[in-house]
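Subject: Structure for your review

Dear colleague,

Please find the structure below, handed over for your work. A summary of what was found in it follows.

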Amino acid sequence: MQIRDALRAGLKTLLENHVPSSQLAAELLLMRVLGCDRGYLHAHPEIDLAPDVTDTFFRLVDERLTGKPTQYITGHQEFWGLDFEVSPDVLIPRPETEHVVEEVIELAARYGLAKDARLQIVDVGTGSGCIALALASEFPGAIIFGADISRPALVVASRNAVRLGMPQRVKFLESDLLARLLDTDSFSSFDFVVSNPPYVGHHELDKLQREVRDFDPSLAWGGDLECGDEIYKRLFPQALRALKPGGYVVVEIGYNMQDAVLALLGDGWTDVEVGPDLAGIPRVVSARKVVGAKA
Ligand SMILES: C[S@@+](CC[C@H](N)C(=O)[O-])C[C@H]1O[C@@H](n2cnc3c(N)ncnc32)[C@H](O)[C@@H]1O
């Protein structure tokens, strides 16, 4: 069977089973089996595939029909133009999370912080390390920590740091939010505390896609949360202690969470802003620690 026929047949099966982004899924699965890029697939549609290659491709298509996300099958997801390894131990990085990275870049520029300054940044709930490593790629002088309560997630994040050539500048640590950093001399030393925390509460479980509910780790999206805002409630007071005066907290929020999250900020914060994602949904909240605020 030729590449073009395999792609057509795979696509037909995925479409018939209403798999979202079927075309992309078929291409990514065949790229995975062939170990090639998309350019190769389209430049050589006439190439004959060995029977074992075709069999493997259709096995992966069948695996996708179970609801397993394409990224957990291929083991990769692109974020901020970087290629991340992913496994079922980490949340698949989402495009909307790139707005967190954008917001840090925007705030740093607004306050005259040079890109090569020795900024200290901590990413809470780092998962695959996508936010921490994207920021490290943008701020070459920064020291960045990625904290997560999940040890298996930290193994994936550390591998990504090595793969992307940044293991010296990005340090990963097991911690319940910022607890371990607040135990050390990192107290009041951070320029940015960033986070895409778990935020799906029980009342939203029925709205969750099957792919997320059955395959992303529940610790990552919020399986045990009652309301969805629990992590922000604990994180903001800790961030106030970890940040330098004038430093920022930048967090992703879930659909419809703007009011609940803003209400949690309270004293000690100023310059509060909410930014939308590409769909116009309020997605990123940032706030600045008041100079002289009591932590
Ligand atoms: C929504 S995922 C975000 C992962 C990654 N930052 C991203 O944007 O793709 C939330 C992450 O927070 C971690 N997490 C959950 N509870 C935590 C806690 N109490 N302390 C630290 N990390 C936690 C999960 O293990 C998961 O990796």
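A polar contact is a pair of N or O atoms within 3.5 Å. Please note that the model is a predicted one.

The ligand offers an instance of such a contact: one of its nitrogen atoms is 2.8 Å from an N or O atom in the side chain of Asp176. An oxygen atom of the ligand lies 2.6 Å from a side-chain N or O atom of Asp148. At Gly125 the partner is a polar backbone atom, 2.8 Å from a nitrogen atom of the ligand. In total, 20 residues surround the ligand, and the closest include Leu177 and Asn196 as well as these three.

Two helix pairs were also examined. The axes of H1 (residues 3-16) and H4 (residues 51-65) come within 10 Å and cross at roughly 15 degrees. Angles under 35 degrees count as roughly parallel, and H1 and H4 are therefore roughly parallel to each other. Their crossing is right-handed. On the H1 side, Ala6, Ala9, Gly10, Thr13 and Leu14 meet Phe57, Phe58, Val61, Arg64 and Leu65 of H4. By class, these residues are 7 nonpolar, 2 polar and 1 charged.

Helices H6 (residues 98-110) and H7 (residues 130-138) have axes 10 Å apart and pack at an angle of about 35 degrees. The crossing of H6 and H7 is right-handed. Val100, Val101, Val104 and Ile105 of H6 form the contact with Ile131, Ala134, Leu135 and Glu138 of H7. This contact has 7 nonpolar residues, no polar ones and 1 charged.

Yours sincerely

Notes: Residues are numbered from 1 along each chain as its sequence is written. This is a predicted model: local features need pLDDT of at least 70, side-chain atom pairs count only at pLDDT 80 or more; totals for chains, interfaces and linings use all residues. Side-chain values use heavy atoms; hydrogens and water are left out. Axes are lines fitted to C-alpha atoms, for helices over the stretch in contact, and angles run from 0 to 180 degrees between N-to-C directions. Helices (H or I, at least four residues) and strands (E, at least two) are DSSP runs, numbered from the N terminus. Angles under 35 degrees count as roughly parallel, over 145 as roughly antiparallel, 65 to 115 as roughly perpendicular and the rest as oblique. A crossing is left-handed if the near helix is turned anticlockwise from the far one by less than a right angle, and right-handed if clockwise. Contact means heavy atoms within 4.5 Å. Ala, Val, Leu, Ile, Met, Phe, Trp, Tyr, Cys and Pro count as nonpolar, Asp, Glu, Lys and Arg as charged, and the others, Gly among them, as polar. A residue is near a molecule or strand if one of its heavy atoms lies within 4 Å of it. A polar contact is a pair of N or O atoms within 3.5 Å; within protein, one must be able to donate a hydrogen and the other to accept it, and residues adjacent in sequence count only if both atoms are side-chain atoms.
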